[in-house]
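This report is meant for someone meeting the structure below for the first time. It goes from the strands to the helices and then to the charged pairs.

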Amino acid sequence: MKNTQSLKLNRDFRRVYRGKNTAGGYTVVYVSKNRYGFNRLGLTVSKSFGKATARNRIKRLMRESYRLMENNIRTGYDLIIVARHRAAGKTQAQIQKDISFVLKSMDLIETAAERNKNENNTDSID
């Protein structure tokens, strides 16, 4: 993930959990604005989800889904994606569709026109 770093510190997770959240069918996404020019991503799967292999698999699916959408997501946010129990056994495409739906409802997905406008603004600055 080229424009995203990992959220690792407990205090950062607690701050983001106090922010805005939206639930989808398989995931819950928490978002908080950060002071950086890039996004930070945290993934959470409860121990009650299953054994470590099941938890790691769902984290890999969520990370890949985010990576595929990364270029369309607005920058400057901390995001935490929490897997719900319903996500067990779902495919990567289903997880990605759910995360995309939640991010669109939070207005974090840039349209092609907005991306082009932002790219043109940064080109003129150079």
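Two strands are said to pair if DSSP finds at least two bridges between them. With that in mind, K20 can be placed opposite V31, a residue of strand β3. The model in which this is seen is a predicted one.

**The chain as a whole**

The chain holds 4 helices and 5 strands, and from the N terminus on these elements follow one another in the order β-α-β-β-β-α-β-α-α. Of the 126 residues in the chain, 39% are buried. Among the contacts in the chain with a separation of 6 or more, 81% are accounted for by residues 24 or more positions apart. The accessible surface comes to about 7700 Å², and carbon and sulfur atoms contribute 47% of that surface.

**Strand β3 and its neighbours**

A good place to begin is strand β3, which covers residues 27-33 and has 6 of its 7 residues buried. On one hand, β3 pairs with strand β2, residues 20-23, in the antiparallel sense over 4 bridges, and the two strands form a hairpin with 3 residues between them. On the other hand, β3 is joined by 7 bridges to strand β5, residues 77-83, and this pair also runs antiparallel. Within the pairing of β3 and β5, V28 stands opposite V82 of β5. In a regular strand the side chains alternate between the two faces of the sheet.

**Helices α2 and α3**

Helix α2 has 18 residues, and the distance from its first C-alpha to its last is 26 Å, close to the 26 Å expected at 1.5 Å a residue. Its buried residues are R55, I58, L61, M62, S65, Y66 and M69. Because they cover an arc of only 130 degrees around the axis, they lie on the same side of α2. The buried residues of α2 pack against β1, β3, β4, β5 and α3.

Helix α3, residues 92-105, can be examined in a similar way: its 14 residues should span 20 Å at 1.5 Å a residue, and its end C-alpha atoms are 20 Å apart, which agrees. Buried in α3 are I95, D98, I99, S100, V102 and L103, and the buried residues of this helix pack against β2, β3, α2 and β5. After α3 comes D107, a residue whose phi is positive, near 60 degrees.

**Salt bridges**

How many salt bridges does a search of the whole structure find? The search finds 5 of them, and the table gives three of these pairs with their N to O distances.

| Pair | N to O distance |
|---|---|
| D12 and R40 | 3.4 Å |
| E64 and R67 | 2.7 Å |
| R74 and D107 | 3.7 Å |

The side chains of D12 and R40 meet in a salt bridge. Since D12 lies in helix α1, residues 10-17, and R40 in strand β4, residues 39-44, the pair ties together parts that are 28 residues apart in sequence. Buried means under 20% relative accessible area, so D12 counts as buried at 13% relative accessibility, and R40 likewise counts as buried at 10%.

The salt bridge of E64 with R67 lies within one element, because these two residues are 3 residues apart in helix α2 and are thus separated by about one helical turn. Are these two residues buried or partly exposed? E64 counts as partly exposed at 29% relative accessibility, and R67 is partly exposed as well, with a relative accessible area of 40%.

The side chains of R74 and D107, the residue already met after α3, also form a salt bridge. R74 lies in the loop between α2 and β5, and D107 in the loop between α3 and α4, so the pair ties together parts that are 33 residues apart in sequence. R74 is buried, with a relative accessible area of 18%.

Which residues are joined into one network by salt bridges that share partners? The members of this network are D12, R15, R40 and D78.

Conventions
Residues numbered from 1 in each chain as written. Predicted model: local features only at pLDDT ≥ 70, side-chain atom pairs only at ≥ 80, totals over all residues. Heavy atoms only, no water. Buried < 20%, exposed > 50% of the residue type's maximum accessible area, 1.4 Å probe, protein only. Expected span 1.5 Å × (residues − 1). Contact = heavy atoms within 4.5 Å. Salt bridge = Lys/Arg side-chain N within 4 Å of Asp/Glu carboxyl O. Areas by Shrake-Rupley, 256 points an atom, 1.4 Å probe, with all protein chains shown as cover. Arc of directions from axis to C-beta.
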